[in-house]
Amino acid sequence: MAIDFYAEVDYVARLARLNLDPGEKEKMAGQLSGILDTAEKIQELDTEGIEPTSHVIDLPALLRDDVIKPSLPLNRVLQNAPRRQKDFFRVPSITGSDQPD
Amino acid sequence: MKLYEKTAGDLSRLLQNKEVSAVEVVSDFLDRIEAVEPYLKAFITHTPALALETAREVDQRRVMGETLHPLAGVPVAVKDNICTENIRTTCASKILENYIPPYSATVITALQKAGMPILGKTNMDEFAMGSSTENSAFFVTHNPWDTSRVPGGSSGGSAVAVSAGMAPLALGSDTGGSVRQPASFCGVIGLRPTYGRVSRYGLIAFASSLDQIGPFALTAEDCAMLMSVISGHDPLDSTSISEDVPAYFDEFDYKPEGLRVGIIKENVSDHFDPEIKAAVLSLVAKLEEDGAVVEEVSLPLTDYGLGAYYLIAPSEASSNLGRYDGVRYGYNAGGDDIENMFSNTRGAGFGAEVKRRIMIGTYALSAGYYDAYYLKAMQVRTMIRRDYEKAFKRHDLLVGATSPTTAFKIGEKTDDPLQMYLSDICNITDALAGLPSLSIPSGIHSEGVPMGMQLTASPFREKLLLQVADYLEKRGLSLGRRPDLDFPEGGFC
């Protein structure tokens, strides 16, 4: 699979919600093509029927008691909010009908 | 001898015998930081008042006759991706520049419970992505052995803090070499524990199936002491393991009689610096003289490790870093609708390497590519684990170089991400397999900077790694050697 990242960079940046300027896009497309070419090497291996590893150490799933424990107080949770209104995180319009804040 | 020149073990004994107070110890390290930090820039945030407060408490408790932890009063530096309640934790990123965690990581709670004063938060590659600490959004950290060189990364600040005598101990994190490679570049010991051995709760996530917190130290004893503070099951981390924690430093009269050592062919490659390779072989020869059985072993999948790692780690990163959206914490760049706000915030808040990895990961996980990239890489990961399982049937210990080169020059690899990634080539496959792996200094290169040797064992055999390191230390290998620092007043940074 030959990779041309130049064709993909806009689409992937949109998926990642990452605003890149034209210079960044140009540089990144070249670098990512190189990195992905290296990653392509794994295609040489026959992995037919091999289980993927999602956890390296085999351990039984530990279940905890279904008991409610105290959470952080509201003010602590909100202390790092860049924009806050009363007890809420404030964000710009999601539906597009409001004025920007 | 100044207090800052002493090992954590010696400081612990001096404190327990009441020959020095914790305030004296902490003050000596704070003075040392003041003297050399302007030249090295290892810390993002200094916490002298907090360190002295902890020291005073420890001294008071000791006066009252309380039995304290052996490391009570022995200070420590902490990588800035480990959350500290009420102390800024930045991950060396603009996006978290002003983040004040409302809670502490489990390892921090453990350090505090042991009475260990925290000296500050150390510099790193942004979000632990990098091999030189040059990806910090704030400044570059200098290698104390040669300030024109990088300290390695991503836990460069922690490695420098220990190497330069600014802290006797430090914590870093290792996703694919980020403790071991800087340990080797700075001439200190660095341990990546078995995946799950140390709680990740409060460690800001990069690649969750790989991230592990690990200690930096001057000696095997010091490393063992810090490991016993941070190891163990944590109900707050569902991937932490309930396996009993051994006493890491109770049997340091180890002899390698019958120890089965495999030299990993791929990690003493002819492409590596010949002096680094020779140093590994000479240390292995010492083990052999005292009864170790040494063989060469091949891990043929090493060549594929880099490819698998650079799909798995960025994929997990792209998912983990989705949380930085300017809503709940961190930088916010504004925007006229919510999607613009997300994109503007992330575009302006993340640095180049973090963006590269988010892009690779997003691509590898996107529709149509998941099977060919992420799933395939996870299958290769299984094959790599089997390779190691096979090797550990014949060997107790696998050894090789920690990195193919010594510390490189600042700026040398910043324009070539692939060359930078190759600096971790020896550290990636054992991380993918979740194995404990230790880097120890193997000697000084003719260029005057340290070299490193890496020892890897099967899961939960950290103690064996530390015993072998301690044995080599007693055979005359100076693990705890620090560079001579003689800086004029002022600082150049």
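**Exercise 1. Locate Arg17(A) and describe its backbone.**

Solution. Step 1: Arg17(A) is found in the loop between helix H1 (9–15) and H2 of chain A; helices (H or I, at least four residues) and strands (E, at least two) are DSSP runs, numbered from the N terminus. Step 2: The phi angle of Arg17(A) is near 50 degrees, a positive value in a residue other than glycine. Step 3: Most residues other than glycine have a negative phi, and most peptide bonds are trans.

The model is a predicted one, in which local features need pLDDT of at least 70 and side-chain atom pairs count only at pLDDT 80 or more, while totals for chains, interfaces and linings use all residues. Residues are numbered from 1 along each chain as its sequence is written, and chains are lettered from A and ligands numbered from 1 in the order in which they are written.

**Exercise 2. State the confidence of chain B and of the model.**

Solution. Step 1: The average pLDDT (the predictor's confidence in each residue, from 0 to 100) of chain B is 95. Step 2: In chain B, 98% of the residues score at least 70. Step 3: For the model, ipTM is 0.91 and pTM is 0.96.

**Exercise 3. Describe the packing of H2(B) and H3(B).**

Solution. Step 1: The axes of helix H2 (residues 22–40) and helix H3 (residues 48–63) of chain B come within 8 Å and cross at roughly 160 degrees. Axes are lines fitted to C-alpha atoms, for helices over the stretch in contact, and angles run from 0 to 180 degrees between N-to-C directions. Step 2: H2(B) is therefore roughly antiparallel to H3(B); angles under 35 degrees count as roughly parallel, over 145 as roughly antiparallel, 65 to 115 as roughly perpendicular and the rest as oblique. Step 3: Among the residues making the contact are Val26(B) and Leu30(B) of H2(B) and Leu52(B) and Ala55(B) of H3(B). Residues are in contact if their C-beta atoms, placed from the backbone, lie within 7 Å.

**Exercise 4. Describe the sheet of chain B.**

Solution. Step 1: The 11 strands form an open sheet with mixed pairing, in the order S1-S3-S2-S4-S6-S5-S10-S11-S9-S7-S8. Two strands pair if DSSP finds at least two bridges between them. Step 2: Strand S1 (43–46) and strand S8 (293–297) are the edge strands, each pairing on one side only. Step 3: Neighbouring strands are turned against each other by 25 degrees on average, direction ignored. Step 4: Strands S7 (residues 260–264) and S9 (residues 397–401) of chain B pair in the parallel sense over three bridges, and Ile263(B) stands opposite Val399(B) in S9(B).

**Exercise 5. Analyse the contact between the two chains.**

Solution. Step 1: Chain B gives 60 residues to the contact and chain A gives 49 residues. Step 2: H12(B) gives the most to the side of chain B that touches chain A, with 11 residues. Step 3: That side of chain B has 31 nonpolar, 19 polar and 10 charged residues; Ala, Val, Leu, Ile, Met, Phe, Trp, Tyr, Cys and Pro count as nonpolar, Asp, Glu, Lys and Arg as charged, and the others, Gly among them, as polar. Step 4: The axes of helix H2 (residues 22–39) of chain A and H9(B) come within 7 Å and cross at roughly 125 degrees, which makes H2(A) oblique to H9(B). Step 5: Ile35(A), Thr38(A) and Ala39(A) of H2(A) meet Leu306(B), Gly307(B), Tyr310(B) and Leu311(B) of H9(B) in this contact.
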